[in-house]
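Visitor: I am new to this structure and would welcome a close look at a single part of it. Please take the sheet as the starting point, and then describe what lies around it.

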Amino acid sequence: MSYKIMPKSALNDWVQHLRQKFTIVAPKPKHGQFVFGEVTDASEFALDYPSTVLPPKKYLVPTQEELLSYSLDGSHFEMRTEPVPTVVLGVHTCDLHGIKLLDRIFSQGYTDTHYKTRRNSLYLVSYECFEPCTEHSFCRSMGTLSATDTFDLHIINLGEDFAFEIGTQKGESLLEGFQSIFNVTEVDIERINTVHQEKWQRFPYRLDFDVTELAELLTNSYTSTYWDELGDICLGCGMCTQVCPTCYCFDIHDEVDLTLDGGHRVRTWDSCQIRMFATVAGGHNFRAEQAARQRHRFMRKGKYQEDAYGLVGCTGCGRCAQACLVDITPVKTFNELYKRRNNIAEKETEAK
Ligand code: SF4
Ligand code: SF4
């Protein structure tokens with residue numbers, strides 16, 4: 001683990017230094033919220049920000065992406081990908097976890113070339129969180145409150161200075177040639193350790209059980225009537241999946257040119273919460289009930305993705321809870337399932 005120190009006053013100079021080679025994106029205020037967007041000056045963004053509306057996933061899996069172009073006579077077929085070298089500043093540790101999971105999903109078995117090309121062009125500069133983003137955040141319960149890997153550089157706010165933890169050679173290259181970067185002293189290391197130790201008490205555990213029990217809890221709750229209760233109130237709007245850093249379901253369609261000479265194949269975001277998602281040939285819908293769609297969503301978050309990729313599918317970012325108009329949240333859902341399972345277990349013990 002190696003660290004460097006930069007005075008905060010040098011932040012804008014560093015941004016200008018990076019702009020010589022990279023597009024810079026960072027959390028910008030917009031309509032009372034924060035969104036990741038392109039910046040040209042340090043005054044345009046904040047590193048101490050609550051959660052962004054969409055996670056930085058949008059730079060890896062855009063909402064709409066042209067995959068290839070072709071001619072209808074079959075003489076031309078070309079993959080479309082033109083990634084721009086981009087530095088993402090201020091990525092929260094929960095969103096790092098989301099990208100780590102996406103890295104596995106898009107490279108395990110079949111490698112998604114478009115994802116990989118974009119990922120190789122992305123430089124992740126994460127930022128240590130010292131306060132929960134919102135009342136819905138439960139990153140501590142999900143084990144995503146610290147940065148262990150995935151970042152290229154990780155910034156720790158030390159008051160007058162920023163400490164940079166260097167995660168990769170890509171990260172190191174972002175500091176090369178910049179003058180206001182210094183080696184750490186013993187005192188700096190003590191400051192880093194102190195701020196790390198002090199932050200934990202500000203983040204409450206919000207699940208009533210340990211995250212390692214989540215997959216089994218969901219397995220045991222597969223037939224719970226709670227899914228019907230969620231299905232009764234869920235609007236099927238899909239907002240929860242649109243804002244989620246670990247949802248990646250997509251649709252693919254062809255757009256044929258008006259001249260009928262050629263066309264483009266386009267990938268767009270989709271949502272398992274929308275009725276049409278599971279409609280297949282003959283009009284059959286293999287997940288026709290909203291209750292089944294809610295169950296599928298939470299099973300993916302707490303069990304299926306962990307089974308398939310070895311990482312829990314929920315980062316605890318709280319975005320879905322913030323976005324849901326009927327107050328369906330992972331914390332309430334998981335805790336309610338836990339309570340009901342314990343009640344059933346108690347009754348079974350009493351009956352013996
Ligand atoms: S399920 Fe909700 S809390 Fe979990 S990662 Fe997705 S948006 Fe965040
Ligand atoms: S945001 Fe809420 S209402 Fe909309 S689909 Fe998700 S859980 Fe249902």
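Guide: The model shown here is predicted. Its open sheet has eight strands, arranged in the order 3-2-6-7-8-9-1-10, and the pairing within it is mixed. Two strands stand at the edges, namely strand 3 (33-38) and strand 10 (182-183); each has a single partner strand, so one side of each is left without a neighbour in the sheet. In general, the strands of a sheet pair through backbone hydrogen bonds, and they do so in either a parallel or an antiparallel sense. An antiparallel case is offered by strand 1 (residues 2-7) and strand 9 (residues 161-166), which are paired over six bridges. Within this pairing, S2 is placed opposite I166 of strand 9.

From the sheet one may turn to the division of the protein, which consists of domain 1 (2-202) and domain 2 (211-347). Taken over C-alpha atoms, the centres of domain 1 and domain 2 are separated by 26 Å. Contact between the two involves 37 residues of domain 1 and 30 residues of domain 2. On the side of domain 1 that touches domain 2, the elements giving two or more residues are strand 4 (64-71), helix 2 (93-105) and helix 4 (139-142). The most is given by helix 2, which supplies nine residues to that side. Sorted by class, this side of domain 1 holds 16 nonpolar, 15 polar and six charged residues.

The interior can be considered next. The largest nonpolar core has 57 residues, and the members that touch the most others are V87, V88, L89, Y123, L124, V125 and I155. Because domain 1 (2-202) and domain 2 (211-347) both give residues to this core, it lies between them. L89 may serve as an example: leaving aside residues up to four places away in sequence, L89 touches I24, A26, F45 and V125.

Finally, there are the ligands. Ligand 1 is surrounded by 13 residues, of which C244, C314, C317, R319 and C320 are the closest. By class, the shell around ligand 1 comprises seven nonpolar, four polar and two charged residues. Ligand 2 is likewise surrounded by 13 residues, and here the closest are C234, L235, C237, C240 and C324. The shell around ligand 2 has ten nonpolar and three polar residues, with no charged ones.

Key
Residues numbered from 1 in each chain as written. Chains lettered and ligands numbered in written order. Predicted model: local features only at pLDDT ≥ 70, side-chain atom pairs only at ≥ 80, totals over all residues. Near = placed C-beta within 6 Å. Nonpolar A, V, L, I, M, F, W, Y, C, P; charged D, E, K, R; others polar. Pairing = 2+ DSSP bridges. Helix = DSSP H or I, 4+ residues; strand = E, 2+ residues; numbered from the N terminus. Core = buried A, V, L, I, M, F, W, Y, C linked by C-beta atoms within 7 Å. Buried ≥ 20, exposed ≤ 12 C-beta atoms within 10 Å, placed from the backbone. Domains from an automatic or database assignment. Contact = placed C-beta atoms within 7 Å.
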